[in-house]
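Please find below a colleague's note on the structure, set out as numbered points. Each point is meant to be read with the sequence and the model side by side.

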Amino acid sequence: MRKEAQEVLFDYLHCTRSLGFTDAEHISKNSPHFVAALLSKINTQKDVSRSLRKFLRYNPINEFEPFFESLGLHPSEFSPFLPQHLMYLSDDGAMFENFHILCNYGIPRGKIGHMYKEARDIFSYECGVLASKLEAYENLGLNKSVVIKLVTCCPSLLVGGLDREFASVVDKLKELQVGCDWLRRSLPARRSYNWRRILETMELLDKVGYKEEKLGSLLETHPALVMEGSGKKVYVLFGRLLKVGLQMNEIYSLFIDNPEMLSDKFMKNLWKTLDFLIDIEMEMQFISNILLTRMKLVGSCSLRRPKTVCASLKVEKDELCQILKGEPLKLFSFTSESKSRTGEPVSHDSSKDAEKIAFLLKLGYVENSDEMVKALKRFRGQGDQLQERFDCLVEAGLDHNVVTDMIKRAPMILNQSRDVIERKIRSLTDHLGYPVESLIAFPAYLCYDMERIHHRFSMYMWLRESDAAKPMLSLSTIITCADHRFVKYFVNVHPEGPAVWESIKKTSSTDVS
C-alpha cells in the first residue's frame, strides 16, 4: 500500500502540479509520515491507487508538508514554520529557487532541511545571491566538497557577508600546511562554531610550543581539541592549571615537555588527579609541585576515589594528604584504578617500577593485563630510559602518536641505547638519503645491527650510483632478505658487484657510523 501511495503522490506532484520529475520522485519516496497520513484518509480495503487519486482530486494537499519531510525534517520540527497562507511550492518561488541552487551545487537534499531550520534567511535571497556566496567560499581556496560539508554543518556562514573570522581560520590552516580538506574531515555534523575562538585556540597552542609542524600534526590527530566546543577544552585546561597555582610560563613548559597532554586519555587522568588532591585538601603549592615534576605519571594513571583509597589504607583524608606530601609517588603506586587478580590495589615498591609502568600505560597498555606483563619483560631499562629513547624518535621528526604505533609493532626498538638509535637514524637519513618517515612503514629497521645496515646500505648506494638499482627501494627489501638472496639480487647483478661487496665487508666496524 505504501508503494502504491508513493506512486500516486508522485503522479499528483509531477503530472497534476507540474513539479520536476526529480523533485516529485524525491518527495514521494522520502515523506513516510505524510504518505501514512494520506492512507489513513481512504479505505485501504479497496483499490488503494484509485481511492487515493480520487481523494487528491478533491482534496489538494499542503505541498510544504511532504517537501519539508523529504528534506530530513520530522513533522514536529517543521510544523512551526509551515507557511500560514500558502499550499503550493510554486507560491514561494524564492524558497524553491534557492533550494534548487543548493541541490545543483551538490548538497544532499536530506541535509537541506537542517539548513532551512537553522538559517531560513538563505532561502529568501534574490536570484544569484546564494550562488555568489557559495562561490565566495570557493575563492578562499576551498574545493566544492569542503564547501558542501561546511555549509551543511554551519549554514549560518551563508547568512550575511563572507565570515571574516572563518576566513582567518582558513588562512591559518594554509600556514600550517594542514590543508583546507581538514575541515571536511574534522567538522562534526550539525554544530555551531565560534570561529574566532577556534583561531585563538590555534594561536594559544602555537604560543605553548606547538609550532607549525607540531600544531599541524596535533590538529590532524586530535581535531576535536579545536572543533568540539570551538576550543573550549583547551581553555578549560589552562584555567584549571592556573587555578591550582601554576604560572603561565610553567604551563607553557609542561606543554612543551608533554605534547601528549591534550589527548583525551591524558586530560581525563589529569582531571581525576586534580579532583583527588583537592578532595584530600592538599595545599596548592604541593599540587603544583606534583604536576610540575610528575606530569607524565599524572597523565598515565587513572586514580580511584580518595574515599576508596582511605578505606583500603585505613587512614583519614588528612593522614593520606600528609603521606603524599612526604612521598608523592605513592599517589601512583597505591591509588591505581586497576587491581590485581586478587582484587587488591597494586602497589609498586620503587619509583623505577612506577615510572616504567607509567610509560607503558602511556603507550596504551592496560595495567595488570597479560599484555602489560609481557611488555614489562620485553622492555629493558628504567622508565626514564625508555622515555628518553622514545623521545629520541620524536626529536628525529616523527609524530608522537606515530612513534607510539611503531613501538607497539617493534618493541625491541627501545631495548637499544639512545646513541645506537640515533646512529641508525643518521645512517638512514644522512648516509642513504631516505626521509625519517621511511621508518613508519618499517620500524623493525631499527632492530637490525649496524654492521648489516652499513654493509647493505653501502652496496645499495654503489648500485644506485652505477644505475644498476632503483633509486628508492623500500627499507624492508634492502634489509630483511636473507644473505644469499641479497647477494643474488644486489651483488651479482653487476659485473663489479662481488668485488665491491668484498671490499665493503672488509670495512672495519669502527668505521660504521
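1. Arg418 counts as partly exposed, because its relative accessibility is 22%, and a residue is called buried only under 20%. The model in which this value was computed is a predicted one. Arg418 forms a salt bridge with Glu422, and the closest N and O atoms of the two side chains are 2.9 Å apart. Glu422 is likewise assigned to the partly exposed class, since its relative accessibility is 27%.

2. How far apart are Arg418 and Glu422 in helix α27? They are four residues apart in this helix, which covers residues 418-431, and therefore about one helical turn separates them. The pair does not stand alone: Glu395, Arg418 and Glu422 are linked in a network of salt bridges. As a general principle, side chains of opposite charge can pair when their charged atoms come close.

3. The salt bridge between Asp23 and Arg109 deserves a separate point. The closest N and O atoms of Asp23 and Arg109 are 2.8 Å apart. Asp23 belongs to helix α2 (residues 21-29) and Arg109 to helix α8 (residues 109-118), so this salt bridge ties together parts that lie 86 residues apart in sequence. Are the two partners buried or exposed? Asp23 counts as buried because its relative accessibility is 6%. Arg109 also counts as buried, with a relative accessibility of 17%.

4. A further salt bridge joins the side chains of Lys317 and Asp279, with an N to O distance of 2.8 Å. This pair links distant parts of the chain, for Lys317 is in helix α21 (residues 317-326) and Asp279 is in helix α18 (residues 264-279), 38 residues apart. Lys317 is partly exposed, with a relative accessible area of 33%. Asp279 counts as partly exposed at a relative accessibility of 33%. A search of the whole structure finds 14 salt bridges.

5. The surface also carries grouped charges. Lys46, Arg50, Lys54 and Arg57 gather there in a patch of positive charge. Within this group, Lys54 lies in helix α4, which spans residues 48-58. Lys54 counts as exposed because its relative accessibility is 52%, and the exposed class begins over 50%.

6. Which residues form the negative surface patch? They are Asp171, Glu175, Glu212, Glu213 and Glu437. Helices α11 (164-175) and α14 (212-221) are the elements that give two or more residues to this negative patch. Glu212 lies in helix α14 and is exposed, with a relative accessible area of 52%.

7. Two residues in loops call for a check of their backbone angles. The phi angle of Ser18 is near 65 degrees, a positive value in a residue other than glycine. Ser18 is placed in the loop between α1 (2-16) and α2, and it counts as exposed because its relative accessibility is 60%. Glu281 has a phi angle near 60 degrees, again a positive value in a residue other than glycine. Glu281 lies in the loop between α18 and α19 (284-300), and its relative accessible area of 66% makes it exposed.

8. Another loop residue is Pro60, found between α4 and α5 (64-70). At 43% relative accessibility, Pro60 counts as partly exposed. Pro60 and Arg2 are 58 residues apart along the chain, and their C-alpha atoms are separated by 19 Å.

9. The overall form may be considered last. The secondary structure of the protein consists of 32 helices and zero strands. Why is the protein described as more spread out than a compact globule? Its radius of gyration is 32 Å, well over the 24 Å that the globule rule gives for 513 residues, and the description follows from this excess. Taken along the principal axes, the C-alpha atoms fill a box of roughly 100 × 80 × 50 Å. Buried residues make up 46% of the 513 residues.

Definitions and conventions
Residues numbered from 1 in each chain as written. Predicted model: local features only at pLDDT ≥ 70, side-chain atom pairs only at ≥ 80, totals over all residues. Heavy atoms only, no water. Patch = residues over 30% accessible without salt bridge, like charges linked within 9 Å, V, L, I, M, F, W, Y side chains within 5 Å. Areas by Shrake-Rupley, 256 points an atom, 1.4 Å probe, with all protein chains shown as cover. Salt bridge = Lys/Arg side-chain N within 4 Å of Asp/Glu carboxyl O. Lys, Arg positive; Asp, Glu negative; His and termini not counted. Charge placed at Lys NZ, Arg CZ, Asp CG, Glu CD. Buried < 20%, exposed > 50% of the residue type's maximum accessible area, 1.4 Å probe, protein only. Rg over C-alpha atoms; globule rule 2.2 N^0.38 Å.
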